Amino acid sequence: MGTSLVVTSGKGGVGKTTTTANIGTALALQGKKVCLMDLDIGLRNLDVVLGLSNRIIYDIVDVASGRAKVHQALIKDKRFDDKLYVLPAAQNAEKDSLEPDQVKAIVDELRPEFDYLILDSPAGIEQGFRNAVEGADGAIVVTTPEISAVSDADRIVGLLEQRDMVYPPRLIINRIRQHMMADGRSMDIDEITQHLGIDLLGIVVDDDGVIASSNKGETVVMDPDDLASQGYRNIARRLLGESVPLMNIEQKKVGFWHRLFHHQG
Amino acid sequence: MEAVTLKGRQSGFELQLASEASLDEITAALTTLLARVAGDTKDQEHVDFVLETGDRLLNEDQAKAVQTVFDTYPQFAIKTIHAAVAAVEPLRAEFAAKATHLVGGVLRSGQEADYSGDVLFLGDLHRGATLKTTGSIFVMGQVEGLLIAGTLGDQEAVIVGDISRAAQIRIADTLEIIDKNSYTAQTTSYIDDLHALVHGKVPALAKLRPKLFRKLEEM
(Lines give C-alpha, C1' and ligand atoms only; values in the text may rest on other atoms or scores of the structure.)
Protein backbone atom coordinates (compact mmCIF):
# COMPACT_ATOMS: atom_id res chain seq x y z
CA MET A 1 0.00 0.00 0.00
CA GLY A 2 1.39 3.36 -0.99
CA THR A 3 1.91 6.40 1.17
CA SER A 4 0.26 9.62 0.10
CA LEU A 5 1.94 12.94 0.82
CA VAL A 6 0.71 16.44 0.12
CA VAL A 7 3.17 19.17 -0.84
CA THR A 8 1.82 22.48 0.39
CA SER A 9 2.98 25.93 1.46
CA GLY A 10 0.17 28.45 1.72
CA LYS A 11 2.15 31.06 -0.15
CA GLY A 12 2.55 30.83 -3.89
CA GLY A 13 5.84 30.78 -5.73
CA VAL A 14 7.90 28.99 -3.11
CA GLY A 15 8.37 25.92 -5.29
CA LYS A 16 5.60 23.45 -4.48
CA THR A 17 5.31 22.14 -8.02
CA THR A 18 9.08 22.01 -8.53
CA THR A 19 9.43 20.17 -5.23
CA THR A 20 6.67 17.71 -6.14
CA ALA A 21 8.24 16.99 -9.52
CA ASN A 22 11.75 16.62 -8.15
CA ILE A 23 10.91 14.48 -5.14
CA GLY A 24 8.77 12.31 -7.41
CA THR A 25 11.59 11.94 -9.90
CA ALA A 26 14.14 11.25 -7.17
CA LEU A 27 11.93 8.53 -5.68
CA ALA A 28 11.44 7.02 -9.13
CA LEU A 29 15.22 7.02 -9.63
CA GLN A 30 15.46 5.11 -6.35
CA GLY A 31 13.23 2.45 -7.89
CA LYS A 32 9.93 3.41 -6.26
CA LYS A 33 6.71 3.58 -8.21
CA VAL A 34 5.38 7.10 -7.89
CA CYS A 35 2.19 8.89 -8.87
CA LEU A 36 2.14 12.68 -8.90
CA MET A 37 -1.24 14.40 -8.69
CA ASP A 38 -1.77 18.02 -9.66
CA LEU A 39 -4.62 19.57 -7.68
CA ASP A 40 -4.23 23.11 -8.90
CA ILE A 41 -7.46 23.13 -10.91
CA GLY A 42 -7.42 25.83 -13.57
CA LEU A 43 -3.70 26.51 -13.28
CA ARG A 44 -2.12 23.16 -13.90
CA ASN A 45 1.64 23.14 -14.41
CA LEU A 46 3.02 19.96 -12.90
CA ASP A 47 2.72 18.39 -16.34
CA VAL A 48 4.53 21.38 -17.83
CA VAL A 49 7.62 21.16 -15.63
CA LEU A 50 7.83 17.46 -16.46
CA GLY A 51 7.43 18.14 -20.18
CA LEU A 52 4.31 15.99 -20.45
CA SER A 53 1.64 18.57 -21.21
CA ASN A 54 1.13 17.54 -24.82
CA ARG A 55 0.15 14.05 -23.74
CA ILE A 56 -2.84 14.94 -21.59
CA ILE A 57 -6.10 13.37 -22.72
CA TYR A 58 -8.16 13.20 -19.54
CA ASP A 59 -7.67 15.02 -16.26
CA ILE A 60 -8.55 14.59 -12.59
CA VAL A 61 -11.94 16.31 -12.94
CA ASP A 62 -12.83 13.88 -15.76
CA VAL A 63 -11.97 11.04 -13.41
CA ALA A 64 -13.87 12.50 -10.45
CA SER A 65 -16.98 13.12 -12.53
CA GLY A 66 -16.86 9.66 -14.07
CA ARG A 67 -16.07 10.71 -17.64
CA ALA A 68 -12.87 8.67 -17.59
CA LYS A 69 -11.26 5.84 -15.69
CA VAL A 70 -8.29 6.82 -13.57
CA HIS A 71 -5.94 4.73 -15.71
CA GLN A 72 -7.01 6.56 -18.82
CA ALA A 73 -6.03 9.85 -17.26
CA LEU A 74 -2.66 8.77 -15.85
CA ILE A 75 0.31 9.84 -17.97
CA LYS A 76 3.38 7.64 -17.88
CA ASP A 77 6.76 9.36 -17.93
CA LYS A 78 8.70 7.14 -20.33
CA ARG A 79 12.10 8.37 -19.10
CA PHE A 80 11.71 6.42 -15.83
CA ASP A 81 10.66 3.04 -17.16
CA ASP A 82 7.23 2.54 -15.64
CA LYS A 83 8.09 4.24 -12.34
CA LEU A 84 6.66 7.75 -12.67
CA TYR A 85 3.06 8.69 -13.45
CA VAL A 86 1.23 12.00 -13.44
CA LEU A 87 -2.46 12.65 -12.94
CA PRO A 88 -2.95 16.12 -14.41
CA ALA A 89 -5.28 18.82 -13.12
CA ALA A 90 -8.12 20.23 -15.22
CA GLN A 91 -7.42 23.43 -17.05
CA ASN A 92 -10.91 24.49 -18.05
CA ALA A 93 -12.89 23.58 -14.96
CA GLU A 94 -14.12 25.68 -12.08
CA LYS A 95 -11.91 25.72 -9.00
CA ASP A 96 -14.59 24.03 -6.89
CA SER A 97 -15.47 21.31 -9.39
CA LEU A 98 -13.54 18.84 -7.25
CA GLU A 99 -14.56 17.74 -3.75
CA PRO A 100 -12.30 16.42 -0.96
CA ASP A 101 -14.16 13.09 -0.92
CA GLN A 102 -13.54 12.59 -4.65
CA VAL A 103 -9.81 13.20 -4.21
CA LYS A 104 -9.72 10.74 -1.33
CA ALA A 105 -11.51 8.15 -3.46
CA ILE A 106 -9.03 8.56 -6.31
CA VAL A 107 -6.06 8.32 -3.94
CA ASP A 108 -7.49 5.20 -2.34
CA GLU A 109 -8.05 3.65 -5.76
CA LEU A 110 -4.43 4.27 -6.80
CA ARG A 111 -2.87 3.43 -3.44
CA PRO A 112 -2.42 -0.33 -4.01
CA GLU A 113 -0.49 0.19 -7.24
CA PHE A 114 2.03 2.79 -6.12
CA ASP A 115 4.68 3.17 -3.43
CA TYR A 116 4.20 6.92 -3.19
CA LEU A 117 1.41 9.28 -4.18
CA ILE A 118 2.46 12.91 -4.07
CA LEU A 119 -0.27 15.55 -4.22
CA ASP A 120 0.68 19.00 -5.42
CA SER A 121 -1.50 21.47 -3.55
CA PRO A 122 -2.39 24.88 -4.98
CA ALA A 123 -1.44 28.04 -3.09
CA GLY A 124 -3.93 29.31 -0.54
CA ILE A 125 -6.04 27.60 2.09
CA GLU A 126 -9.31 27.25 0.23
CA GLN A 127 -11.00 24.35 -1.55
CA GLY A 128 -7.90 23.29 -3.50
CA PHE A 129 -5.86 23.04 -0.32
CA ARG A 130 -8.62 21.09 1.44
CA ASN A 131 -8.86 18.72 -1.52
CA ALA A 132 -5.15 18.02 -1.47
CA VAL A 133 -4.93 17.54 2.27
CA GLU A 134 -7.95 15.25 2.44
CA GLY A 135 -6.23 12.57 0.38
CA ALA A 136 -2.90 12.68 2.22
CA ASP A 137 -1.39 10.59 5.01
CA GLY A 138 1.27 13.21 5.67
CA ALA A 139 2.31 16.66 4.57
CA ILE A 140 5.47 18.27 3.28
CA VAL A 141 5.44 21.98 4.00
CA VAL A 142 7.59 24.02 1.63
CA THR A 143 8.85 27.43 2.61
CA THR A 144 11.59 29.85 1.61
CA PRO A 145 13.79 31.86 3.98
CA GLU A 146 11.45 34.83 3.74
CA ILE A 147 9.27 36.12 6.52
CA SER A 148 6.13 36.06 4.36
CA ALA A 149 6.62 32.44 3.33
CA VAL A 150 7.44 31.34 6.89
CA SER A 151 4.39 33.13 8.25
CA ASP A 152 2.14 31.40 5.70
CA ALA A 153 3.82 28.07 6.45
CA ASP A 154 3.03 28.65 10.13
CA ARG A 155 -0.64 29.11 9.25
CA ILE A 156 -0.56 25.93 7.18
CA VAL A 157 1.08 23.91 9.95
CA GLY A 158 -1.65 25.12 12.28
CA LEU A 159 -4.33 23.92 9.86
CA LEU A 160 -2.55 20.60 9.31
CA GLU A 161 -2.23 19.97 13.03
CA GLN A 162 -6.00 20.29 13.40
CA ARG A 163 -6.41 17.30 11.11
CA ASP A 164 -5.45 13.89 12.34
CA MET A 165 -2.92 12.81 9.76
CA VAL A 166 -0.98 9.57 9.97
CA TYR A 167 2.39 11.33 9.81
CA PRO A 168 3.22 14.73 11.31
CA PRO A 169 4.05 17.50 8.81
CA ARG A 170 7.68 17.89 7.73
CA LEU A 171 9.50 20.91 6.42
CA ILE A 172 11.50 21.71 3.31
CA ILE A 173 13.31 25.04 3.16
CA ASN A 174 13.59 25.88 -0.50
CA ARG A 175 15.42 28.51 -2.55
CA ILE A 176 18.14 29.15 -0.01
CA ARG A 177 20.54 31.82 -1.12
CA GLN A 178 23.80 30.79 0.45
CA HIS A 179 25.47 34.18 0.44
CA MET A 180 22.47 35.89 2.05
CA MET A 181 22.19 33.25 4.73
CA ALA A 182 25.94 33.43 5.36
CA ASP A 183 25.94 37.16 5.98
CA GLY A 184 22.72 37.04 8.01
CA ARG A 185 20.47 38.94 5.64
CA SER A 186 17.98 36.08 5.33
CA MET A 187 16.49 33.90 8.08
CA ASP A 188 18.68 30.92 8.84
CA ILE A 189 17.70 27.26 8.80
CA ASP A 190 17.66 26.74 12.56
CA GLU A 191 15.61 29.87 13.09
CA ILE A 192 12.93 28.78 10.63
CA THR A 193 12.80 25.17 11.84
CA GLN A 194 12.62 26.21 15.47
CA HIS A 195 9.91 28.78 14.77
CA LEU A 196 7.70 26.35 12.88
CA GLY A 197 8.38 23.57 15.35
CA ILE A 198 8.20 20.67 12.88
CA ASP A 199 10.87 18.25 11.67
CA LEU A 200 13.15 19.41 8.90
CA LEU A 201 13.00 17.06 5.92
CA GLY A 202 15.61 18.88 3.90
CA ILE A 203 16.98 22.04 2.36
CA VAL A 204 17.36 23.05 -1.26
CA VAL A 205 19.53 25.90 -2.51
CA ASP A 206 18.35 28.48 -4.98
CA ASP A 207 19.86 27.38 -8.23
CA ASP A 208 19.70 28.47 -11.88
CA GLY A 209 19.63 24.82 -12.92
CA VAL A 210 16.14 24.39 -11.44
CA ILE A 211 14.62 26.97 -13.77
CA ALA A 212 16.77 25.97 -16.74
CA SER A 213 15.85 22.30 -16.49
CA SER A 214 12.14 22.89 -15.97
CA ASN A 215 12.10 25.13 -19.04
CA LYS A 216 13.34 22.09 -20.93
CA GLY A 217 10.63 19.92 -19.41
CA GLU A 218 13.08 18.09 -17.19
CA THR A 219 13.63 17.98 -13.47
CA VAL A 220 16.89 19.16 -11.98
CA VAL A 221 17.21 15.88 -10.09
CA MET A 222 18.24 14.23 -13.35
CA ASP A 223 21.52 16.19 -13.15
CA PRO A 224 23.53 14.47 -10.38
CA ASP A 225 26.14 17.23 -10.10
CA ASP A 226 23.74 20.06 -9.40
CA LEU A 227 23.55 21.33 -5.80
CA ALA A 228 19.74 21.67 -5.79
CA SER A 229 19.52 18.20 -7.26
CA GLN A 230 21.53 16.82 -4.34
CA GLY A 231 19.13 18.54 -1.96
CA TYR A 232 16.15 16.80 -3.57
CA ARG A 233 17.94 13.45 -3.69
CA ASN A 234 18.72 13.73 0.01
CA ILE A 235 15.07 14.50 0.71
CA ALA A 236 13.98 11.42 -1.23
CA ARG A 237 16.43 9.24 0.70
CA ARG A 238 15.16 10.64 4.01
CA LEU A 239 11.58 9.86 2.93
CA LEU A 240 12.70 6.29 2.36
CA GLY A 241 13.95 6.14 5.92
CA GLU A 242 17.67 6.65 5.42
CA SER A 243 19.43 9.00 7.78
CA VAL A 244 21.22 11.52 5.63
CA PRO A 245 23.07 14.45 7.23
CA LEU A 246 22.02 17.95 6.20
CA MET A 247 24.18 19.17 3.36
CA ASN A 248 26.72 21.83 4.03
CA ILE A 249 25.63 24.96 2.26
CA GLU A 250 28.40 27.26 3.38
CA GLN A 251 30.01 28.78 0.36
CA LYS A 252 33.69 28.30 -0.20
CA LYS A 253 35.66 31.52 0.13
CA VAL A 254 36.82 32.51 -3.32
CA GLY A 255 40.47 33.50 -3.16
CA PHE A 256 42.24 36.23 -5.03
CA TRP A 257 44.09 33.91 -7.43
CA HIS A 258 40.93 31.97 -8.19
CA ARG A 259 39.13 35.15 -9.08
CA LEU A 260 42.05 36.32 -11.18
CA PHE A 261 42.17 33.20 -13.29
CA HIS A 262 38.46 32.35 -13.30
CA HIS A 263 37.15 35.74 -14.19
CA GLN A 264 33.53 35.51 -15.23
CA GLY A 265 32.92 39.14 -16.13
CA MET B 1 -35.66 21.40 66.14
CA GLU B 2 -38.40 23.76 65.04
CA ALA B 3 -39.15 23.91 61.32
CA VAL B 4 -39.15 27.71 61.47
CA THR B 5 -37.33 29.86 63.99
CA LEU B 6 -37.72 33.61 64.34
CA LYS B 7 -34.59 35.54 65.23
CA GLY B 8 -34.08 39.22 65.82
CA ARG B 9 -30.91 40.57 64.32
CA GLN B 10 -29.37 43.99 64.29
CA SER B 11 -30.34 44.30 60.63
CA GLY B 12 -33.93 43.16 61.22
CA PHE B 13 -35.92 39.98 61.60
CA GLU B 14 -34.69 36.69 60.28
CA LEU B 15 -36.70 33.52 59.73
CA GLN B 16 -34.59 30.37 59.75
CA LEU B 17 -36.18 27.57 57.74
CA ALA B 18 -34.66 24.31 58.98
CA SER B 19 -33.15 22.37 56.06
CA GLU B 20 -34.08 19.05 57.73
CA ALA B 21 -37.81 19.92 57.73
CA SER B 22 -40.03 19.24 54.74
CA LEU B 23 -41.65 22.07 52.85
CA ASP B 24 -45.08 21.14 54.25
CA GLU B 25 -43.74 21.31 57.78
CA ILE B 26 -42.20 24.67 57.02
CA THR B 27 -45.35 26.20 55.54
CA ALA B 28 -47.42 24.86 58.44
CA ALA B 29 -44.97 26.19 61.03
CA LEU B 30 -44.71 29.47 59.15
CA THR B 31 -48.50 29.89 59.11
CA THR B 32 -48.82 29.45 62.88
CA LEU B 33 -45.77 31.61 63.55
CA LEU B 34 -46.92 34.49 61.37
CA ALA B 35 -50.43 34.29 62.91
CA ARG B 36 -48.89 34.56 66.39
CA VAL B 37 -46.64 37.46 65.39
CA ALA B 38 -49.56 39.25 63.72
CA GLY B 39 -51.58 38.85 66.93
CA ASP B 40 -48.73 40.19 69.05
CA THR B 41 -48.16 43.32 67.00
CA LYS B 42 -51.02 45.69 67.66
CA ASP B 43 -50.31 48.39 65.11
CA GLN B 44 -50.15 47.52 61.44
CA GLU B 45 -46.43 48.31 61.19
CA HIS B 46 -44.68 46.98 58.10
CA VAL B 47 -42.10 44.28 58.81
CA ASP B 48 -39.54 42.78 56.39
CA PHE B 49 -38.10 39.32 56.96
CA VAL B 50 -34.89 37.79 55.73
CA LEU B 51 -35.39 34.10 54.97
CA GLU B 52 -32.40 31.95 55.82
CA THR B 53 -32.76 28.50 54.20
CA GLY B 54 -29.47 26.98 55.41
CA ASP B 55 -28.35 23.96 53.37
CA ARG B 56 -31.36 24.11 51.08
CA LEU B 57 -31.87 26.00 47.85
CA LEU B 58 -35.53 26.93 47.34
CA ASN B 59 -36.66 26.38 43.78
CA GLU B 60 -39.25 28.61 42.17
CA ASP B 61 -42.29 26.55 43.30
CA GLN B 62 -41.00 26.24 46.85
CA ALA B 63 -40.34 29.98 47.05
CA LYS B 64 -43.86 30.60 45.75
CA ALA B 65 -45.35 28.28 48.41
CA VAL B 66 -43.56 30.23 51.12
CA GLN B 67 -44.66 33.52 49.55
CA THR B 68 -48.34 32.42 49.64
CA VAL B 69 -48.14 32.16 53.42
CA PHE B 70 -46.94 35.76 53.56
CA ASP B 71 -49.68 36.95 51.17
CA THR B 72 -52.28 36.66 53.98
CA TYR B 73 -50.48 39.36 55.95
CA PRO B 74 -50.08 42.58 53.97
CA GLN B 75 -47.90 44.05 56.73
CA PHE B 76 -45.30 41.25 56.36
CA ALA B 77 -42.97 40.81 53.38
CA ILE B 78 -39.95 38.76 52.39
CA LYS B 79 -36.89 40.98 51.98
CA THR B 80 -34.51 38.35 50.60
CA ILE B 81 -34.08 34.61 50.59
CA HIS B 82 -30.58 33.56 51.54
CA ALA B 83 -28.93 30.14 51.57
CA ALA B 84 -25.59 28.88 52.83
CA VAL B 85 -25.18 26.75 49.67
CA ALA B 86 -25.14 27.40 45.92
CA ALA B 87 -25.81 25.34 42.82
CA VAL B 88 -22.71 23.80 41.23
CA GLU B 89 -23.12 24.96 37.64
CA PRO B 90 -23.34 28.74 38.14
CA LEU B 91 -20.59 28.44 40.72
CA ARG B 92 -18.41 26.61 38.26
CA ALA B 93 -18.99 29.33 35.66
CA GLU B 94 -18.18 32.02 38.17
CA PHE B 95 -15.07 30.18 39.22
CA ALA B 96 -13.97 29.73 35.61
CA ALA B 97 -14.45 33.42 35.01
CA LYS B 98 -12.19 34.25 37.92
CA ALA B 99 -9.65 31.43 37.66
CA THR B 100 -6.18 31.77 36.21
CA HIS B 101 -5.87 29.49 33.18
CA LEU B 102 -2.53 27.94 32.36
CA VAL B 103 -2.16 28.02 28.59
CA GLY B 104 0.69 26.23 26.84
CA GLY B 105 1.65 24.93 23.41
CA VAL B 106 2.05 26.82 20.19
CA LEU B 107 -0.51 29.24 18.81
CA ARG B 108 0.18 29.59 15.11
CA SER B 109 -0.60 32.26 12.57
CA GLY B 110 -4.37 32.53 12.13
CA GLN B 111 -5.18 30.70 15.34
CA GLU B 112 -7.06 32.41 18.15
CA ALA B 113 -7.47 31.41 21.78
CA ASP B 114 -10.27 33.02 23.79
CA TYR B 115 -10.58 32.70 27.58
CA SER B 116 -12.51 34.18 30.43
CA GLY B 117 -10.48 34.99 33.51
CA ASP B 118 -6.75 35.48 33.77
CA VAL B 119 -4.26 33.66 31.58
CA LEU B 120 -0.77 32.54 32.42
CA PHE B 121 0.73 31.91 29.00
CA LEU B 122 3.55 29.36 28.93
CA GLY B 123 3.74 28.73 25.19
CA ASP B 124 4.71 30.39 21.94
CA LEU B 125 2.42 32.91 20.30
CA HIS B 126 3.48 33.19 16.69
CA ARG B 127 3.11 36.20 14.46
CA GLY B 128 -0.50 36.43 13.28
CA ALA B 129 -1.91 34.50 16.25
CA THR B 130 -4.21 36.00 18.90
CA LEU B 131 -4.52 35.32 22.61
CA LYS B 132 -7.44 37.03 24.27
CA THR B 133 -9.17 36.88 27.61
CA THR B 134 -11.62 38.86 29.70
CA GLY B 135 -9.03 39.25 32.48
CA SER B 136 -5.29 39.80 32.64
CA ILE B 137 -2.51 38.08 30.70
CA PHE B 138 0.79 36.99 32.24
CA VAL B 139 3.35 36.03 29.65
CA MET B 140 6.22 33.62 30.16
CA GLY B 141 6.60 32.24 26.64
CA GLN B 142 7.64 33.92 23.46
CA VAL B 143 5.06 36.28 22.09
CA GLU B 144 5.10 37.67 18.57
CA GLY B 145 1.36 37.91 17.99
CA LEU B 146 -1.52 39.89 19.38
CA LEU B 147 -2.41 39.99 23.08
CA ILE B 148 -5.84 41.22 24.14
CA ALA B 149 -6.67 41.57 27.84
CA GLY B 150 -9.99 42.74 29.25
CA THR B 151 -11.99 41.78 26.15
CA LEU B 152 -15.25 42.71 27.89
CA GLY B 153 -13.94 46.12 28.83
CA ASP B 154 -12.22 45.43 32.16
CA GLN B 155 -10.12 48.55 32.78
CA GLU B 156 -8.30 46.81 35.62
CA ALA B 157 -6.83 44.12 33.35
CA VAL B 158 -3.06 44.09 32.88
CA ILE B 159 -0.52 42.44 30.60
CA VAL B 160 2.66 41.35 32.34
CA GLY B 161 5.84 39.85 30.94
CA ASP B 162 8.01 40.10 27.87
CA ILE B 163 6.00 41.87 25.19
CA SER B 164 9.02 43.35 23.43
CA ARG B 165 8.48 41.11 20.37
CA ALA B 166 4.67 41.21 20.31
CA ALA B 167 2.92 42.81 17.36
CA GLN B 168 0.30 44.64 19.35
CA ILE B 169 -1.27 44.64 22.78
CA ARG B 170 -4.78 45.70 23.69
CA ILE B 171 -6.35 46.22 27.08
CA ALA B 172 -10.09 46.94 27.13
CA ASP B 173 -10.57 49.78 24.62
CA THR B 174 -6.94 50.89 24.47
CA LEU B 175 -4.28 49.55 22.18
CA GLU B 176 -0.61 49.92 21.46
CA ILE B 177 1.44 48.93 18.46
CA ILE B 178 4.68 47.59 19.83
CA ASP B 179 7.77 49.39 18.67
CA LYS B 180 10.40 46.67 18.88
CA ASN B 181 13.12 48.82 20.38
CA SER B 182 11.42 50.59 23.22
CA TYR B 183 10.65 47.81 25.70
CA THR B 184 12.66 46.23 28.43
CA ALA B 185 12.35 42.47 28.72
CA GLN B 186 9.77 42.51 31.53
CA THR B 187 7.01 45.05 31.79
CA THR B 188 3.61 45.58 33.31
CA SER B 189 1.18 47.22 30.92
CA TYR B 190 -1.97 48.76 32.34
CA ILE B 191 -4.52 51.53 31.93
CA ASP B 192 -3.70 54.52 34.14
CA ASP B 193 -5.96 57.17 35.72
CA LEU B 194 -5.89 59.22 32.53
CA HIS B 195 -7.16 56.21 30.55
CA ALA B 196 -3.90 55.75 28.69
CA LEU B 197 -2.14 52.43 28.12
CA VAL B 198 1.17 52.77 29.96
CA HIS B 199 4.01 50.47 31.00
CA GLY B 200 5.70 50.04 34.34
CA LYS B 201 8.03 47.65 36.07
CA VAL B 202 6.75 44.25 37.17
CA PRO B 203 7.20 44.76 40.96
CA ALA B 204 4.94 47.81 40.74
CA LEU B 205 2.02 45.51 39.92
CA ALA B 206 1.35 44.71 43.59
CA LYS B 207 0.58 48.36 44.25
CA LEU B 208 -1.19 49.02 40.96
CA ARG B 209 -3.61 46.09 41.14
CA PRO B 210 -3.67 44.78 44.72
CA LYS B 211 -6.87 42.84 43.98
CA LEU B 212 -4.96 40.49 41.67
CA PHE B 213 -3.06 39.26 44.67
CA ARG B 214 -6.10 38.69 46.86
CA LYS B 215 -8.23 36.77 44.43
CA LEU B 216 -8.96 33.74 46.58
CA GLU B 217 -9.79 35.81 49.64
CA GLU B 218 -12.33 37.82 47.68
CA MET B 219 -14.05 34.90 46.05
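**Exercise 1.** State how far apart the centres of domain 1 of chain B and domain 2 of chain B are, and give the bounds of each domain.

*Solution.* Taken over C-alpha atoms, the two centres are separated by 49 Å. Domain 1 of chain B covers 4-86 and domain 2 of chain B covers 98-213, where the bounds come from an automatic or database domain assignment. This is a predicted model, in which local features need pLDDT of at least 70 and side-chain atom pairs count only at pLDDT 80 or more, whereas totals for chains, interfaces and linings use all residues. Residues are numbered from 1 along each chain as its sequence is written, and chains are lettered from A and ligands numbered from 1 in the order in which they are written.

**Exercise 2.** Describe the order of the strands in the open sheet of chain A, and explain why strand 3 and strand 8 each have one side without a neighbour.

*Solution.* Begin with the order, which for the eight strands is 3-4-2-5-1-6-7-8, with mixed pairing; strands are DSSP runs (E, at least two residues; helices are H or I, at least four), numbered from the N terminus, and two of them pair if DSSP finds at least two bridges between them. Next, look at the edges, where strand 3 (75-76) and strand 8 (199-205) of chain A each have a single partner strand, so one side of each is left without a neighbour in the sheet.

**Exercise 3.** Work out how strand 6 of chain A is joined to strand 7 of chain A.

*Solution.* Strand 6 (residues 138-143) and strand 7 (residues 170-176) of chain A run parallel and are joined by four bridges. Within this pairing, A:Thr143 stands opposite A:Ile173 of strand 7.
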